[in-house]
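Here is a short report on one structure. Look at the sequence and the model first, then read on.

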Amino acid sequence: KLCPTEGSWKIDEVFQIDKELAFALPSPQENLPDKYAGWMCIAKNLPELIERDELRARVKEVPELSIDDLTEHKSQRLAHLALGYITMGYVWNKGDEDVRKILPRNIAVPYCKLSAKLGLRPILAYADCVLANWKKKDPNGPMIYENLDILFFFPGDGCDRGFFLVSLLVELAAASAIKKIPDLFNAMIKQDLVKCKDALRVIKSCQLDALEVFKQIHKHVDPTIFYNVLRTYLSGWKGSSLLPEGLLYEGVWDTPKQFSGGSAGQSSVFQCFDALLGIRHSDGSAAGFLQEMRTYMPPAHKAFLESLEKGPSIRKFVLSKGDRCLKDAYNECVGAMVSLRDYHLGIVDTYITKPAREKQKGKQDPEDSSNQSETENKGTGGTNIMTFLQAIRDSTKTFLLV
Ligand code: HEM
Ligand SMILES: N#Cc1ccc(NC(=O)NCc2cnc3scc(C#CC4CC4)n23)cc1
């Protein structure tokens with residue numbers, strides 16, 4: 001609840017939003033207590049263990065550990081991240097058809113207990129591999145790509161470093177806009193149009209900073225490796241043809257459970273701007289997917305989005321004032337969301353549509369598109385992603401005020 005104390009708004013710490021980093025976990029923990037060395041050894045050597053076909057045996061050998069020694073939030077997030085990498089590696093291994101449909105209890109039991117404690121799902125999520133999976137090389141250095149690294153790797157020769165760190169940097173650019181939200185609400189309460197416009201202008205400039213950061217993706221991520229290697233490890237088991245019933249978490253539930261693959265629909269930043277600007281996605285499946293992705297976010301961040309949606313509406317305030325300048329400032333923020341989503345569509349074309357076509361060409365005669373629907377462009381959520389993303393971009397456009 002953006003609580004009005006002393007008549008002014010502030011983002012309550014209950015939402016676990018950091019002043020500088022917003023939804024990213026500040027200085028994530030990098031080591032677990034020695035008791036968990038078995039988990040760390042596997043998670044820290046995933047590419048090698050998969051390459052040498054030893055991963056699955058190593059996972060089966062690790063003792064079933066209790067999570068009682070994981071008392072701090074940051075050690076729980078680190079353990080959830082490590083177990084997420086182990087689980088994806090165990091299920092997908094080399095990324096071919098030889099998948100595992102049962103997660104052994106020695107991993108499944110602690111993983112599900114930890115997920116319940118954190119309010120996360122027992123599958124690798126954006127909150128794990130983007131928000132908690134980073135460190136500064138030089139602790140006193142700046143938050144720039146060259147001074148950052150990720151904590152765990154999938155196969156794919158560092159392609160995940162680029163993908164996760166660029167996303168983190170987009171989150172950080174957006175953090176400066178989120179810091180501005182209380183000022184915007186205060187200006188609204190005081191009916192101070194000048195301060196309102198200033199706050200909206202700051203928000204828009206941060207969104208455009210985020211767009212500039214987006215462009216770094218081409219420098220750090222290779223499309224062919226992303227599509228043919230990394231994508232596999234981010235896939236989930238909901239609507240998956242290889243695990244049609246989902247994954248059996250041995251020792252936890254008697255039936256297999258379905259969970260969506262990691263998605264940036266789980267990023268609170270874009271959903272935060274949508275909520276703040278009153279952008280509601282009407283297209284059924286896309287809106288439903290974004291809503292569902294909120295259940296994979298840290299509960300405090302999900303609560304923040306809900307409090308924004310319940311808070312005073314910027315959009316209604318702008319409409320009620322009928323002030324041309326204020327409308328323009330609001331429209332520029334909506335326009336920045338459209339630009340971000342437009343640019344992102346271009347990225348998806350480069351990193352998914354084109355490599356998918358290359359792969360199809362290489363594999364069989366182009367006429368035979370039998371398994372086209374099977375593998376082509378299926379979102380981690382099983383949806384057709386281009387349609388989904390275009391629908392989100394298009395519905396964002398409809399919120400521009402005339
Ligand atoms: C190689 C680069 C990227 C690819 C291939 C890619 C692909 C996708 C795909 C397929 C989706 C559909 C839902 C899903 O499966 O997650 C998606 C959604 C999304 N992506 Fe990315 N993405 C990339 C980079 C980024 C970056 C750097 C960001 C910045 C944080 C980002 C933010 C989002 C957001 C917020 C969504 C949810 C849909 C929306 O709100 O518009 N993506 N992306
Ligand atoms: N064919 C195909 C196909 C290929 C990819 C996807 N989806 C996908 O990678 N989603 C994740 C995503 C999208 N945008 C961004 S920024 C940071 C992340 C992340 C993450 C970790 C996993 C939680 N993401 C769907 C289908």
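## The iron site

H344 sits in helix α16, which spans residues 324-363. In this predicted model, H344 is the only protein donor of the iron atom of ligand 1. The contact runs through NE2, at 2.1 Å.

What arrangement do the six donor atoms form around the iron atom? The angles they subtend run from 87 to 178°, which makes the arrangement octahedral. For six octahedral donors, the ideal angles are 90 or 180 degrees.

## A salt bridge within α16

Helix α16 also holds a charged pair. D328 and R324 meet through their side chains in a salt bridge, 3.0 Å from N to O. The two are four residues apart in α16, so about one helical turn separates them. An α-helix has 3.6 residues a turn, so residues three or four places apart point the same way.

Both partners are partly exposed. For D328 the relative accessible area is 33%, which falls between the cut-offs of 20% and 50%. R324 is partly exposed too, at 43% relative accessibility.

## Other salt bridges

How many salt bridges are there? The count comes to 24.

One of them joins D323 to K197, with the closest N and O atoms 3.9 Å apart. This pair links distant parts of the chain, 126 residues apart. D323 lies in the loop between α15 (314-321) and α16, while K197 belongs to helix α9 (residues 193-214). K197 is buried, because its relative accessibility is 13% and the cut-off is under 20%.

D98 pairs with R100 in another salt bridge, and here the closest N and O atoms are 2.9 Å apart. D98 is partly exposed, with a relative accessible area of 39%. R100 is partly exposed as well, at 28%. Elsewhere, E48, R52 and E54 are linked in a network of salt bridges.

## Helix α12

Is helix α12 buried or exposed? Of its 10 residues (268-277), 10 are buried, so the helix is largely enclosed by the rest of the structure. Among the buried residues are the aromatic side chains F270 and F273. The list also includes polar or charged members, such as S268, Q271 and D274.

Both ends of α12 have a local feature. At the start, a side-chain oxygen of S267 comes to within 3.3 Å of the backbone nitrogen of V269. Just after the helix, G278 adopts a positive phi of about 75°.

Technical notes: Residues numbered from 1 in each chain as written. Chains lettered and ligands numbered in written order. Predicted model: local features only at pLDDT ≥ 70, side-chain atom pairs only at ≥ 80, totals over all residues. Heavy atoms only, no water. Buried < 20%, exposed > 50% of the residue type's maximum accessible area, 1.4 Å probe, protein only. Polar contact = N/O pair within 3.5 Å; in protein donor to acceptor, adjacent residues only side chain to side chain. Donors = N, O, S within 2.8 Å, 3.2 Å for Na, K, Ca; no water. Tetrahedral: all angles 85-135°; square planar, octahedral: opposite > 155°, others 65-115°. Salt bridge = Lys/Arg side-chain N within 4 Å of Asp/Glu carboxyl O.
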